[in-house]
Amino acid sequence: MTKRDDKLLVFKKLCLALSQQEPYRVPTVGTPRRGAVAAILRWHGPHEASEGHKPRSITEFFEQDWLKEGGQAEILFMQRATRKGDRWSGHVAFPGGKDEPGESDEDTVCREVLEEIGIDLKSEDYLQLGQLDEREIASIKDNRLLMILVPFVYLQLTPNSPPFQLQTSEVASVRCKSTG
């Protein structure tokens with residue numbers, strides 16, 4: 001087995017484990033504000049690949065020929081725009097944000113990612129792998145609960161990433177960074 005095969009096997013195991021993860025849900029009293037973010041994973045090959053059959057599962061994704069050409073796993077990060085009065089100003093983060101009344105956590109993350117970076121997580125180009133443990137986000141000043149954060153993990157199913165369409169009032173930049 002080559003080093004390239006090892007990387008792909010580790011990435012496959014990670015994706016499968018994430019899809020089977022049962023997340024911890026924060027027990028809530030009342031109805032605190034919720035926020036959702038997306039960790040978006042992709043396999044970045046050595047060159048542009050032609051797109052063929054759109055996989056509909058993790059198994060189908062890892063059967064695609066273009067994955068065998070080499071590459072590496074990457075994860076998408078963004079830097080938030082610098083804005084006066086914004087507690088998250090300039091932070092490096094996953095795309096996402098706060099819920100709107102009546103939204104599910106998944107609706108929130110899909111809406112926020114589309115608004116912030118122009119990626120449609122509901123399209124056939126992405127597969128939700130799962131959800132990570134919910135987290136309580138508290139104020140540093142007084143430890144007051146600000147929100148429950150719900151992190152989702154998505155897999156980009158296509159070899160070529162769509163162009164980002166940044167909402168510059170909220171996002172300064174986006175980068176995909178190698179995980180290994």
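What follows is a chat about strands, cysteines and nonpolar cores in a predicted model.

Trainee: Let's start with β2. Which strand does β2 share 7 bridges with?

Mentor: That's β8, residues 171-178, and the two run antiparallel. To find the register, look at M78, whose bridge partner in β8 is V174.

Trainee: And what stands opposite M78 in β3?

Mentor: A93 does. β3 covers residues 92-93, and 2 bridges join it to β2, again antiparallel.

Trainee: How many bridges are there between β1 and β2?

Mentor: There are 4, in the antiparallel sense, with β1 spanning residues 34-44 and β2 spanning 72-80. One pair to click on is W43 and its bridge partner A73 in β2.

Trainee: Back to β8 for a second. What does S173 touch, sequence neighbours aside?

Mentor: S173, which sits in β8, is in contact with F77, M78, Q79 and L166, once you leave out neighbours within four places in sequence.

Trainee: Where is C110 relative to S173?

Mentor: They're 63 residues apart along the chain, and their C-alpha atoms are separated by 19 Å.

Trainee: Speaking of cysteines, how many disulfides are there?

Mentor: A search of the whole structure gives 0.

Trainee: Why is there no bond for C110?

Mentor: Because the closest cysteine sulfur, in C176, is 17 Å from the sulfur of C110, too far for a bond. The cut-off for a disulfide is sulfur atoms within 2.5 Å.

Trainee: OK, and which cysteine is closest to C176, going by sulfurs?

Mentor: C15, but its sulfur is 14 Å from that of C176, so that's too far for a bond as well.

Trainee: Are those two, C110 and C176, buried or exposed?

Mentor: C110 counts as buried, at 6% relative accessibility. C176 comes out as partly exposed, at 23%.

Trainee: New topic: the inside. How many residues does the largest nonpolar core have?

Mentor: It has 20, and those with the most contacts inside it are F11, L41, W43, F61, F62, L129 and L155. Two or more residues come from each of α1, β1, α2, β2, β5 and β7.

Trainee: Which element gives the largest share?

Mentor: α1 does, with 4 residues. In general, nonpolar side chains tend to be buried together in soluble globular proteins.

Trainee: W43 turned up again. What is it in contact with?

Mentor: Leaving aside neighbours within four places in sequence, W43 is in contact with K7, L8, F11, F61, W66, L67, G70, G71, Q72 and A73.

Trainee: And how many residues are in the second core?

Mentor: That one is separate and has 17 residues, including A36, V109, I119 and F152.

Terms used:
Residues numbered from 1 in each chain as written. Predicted model: local features only at pLDDT ≥ 70, side-chain atom pairs only at ≥ 80, totals over all residues. Heavy atoms only, no water. Pairing = 2+ DSSP bridges. Contact = heavy atoms within 4.5 Å. Buried < 20%, exposed > 50% of the residue type's maximum accessible area, 1.4 Å probe, protein only. Core = buried A, V, L, I, M, F, W, Y, C linked by side-chain atoms within 4.5 Å.
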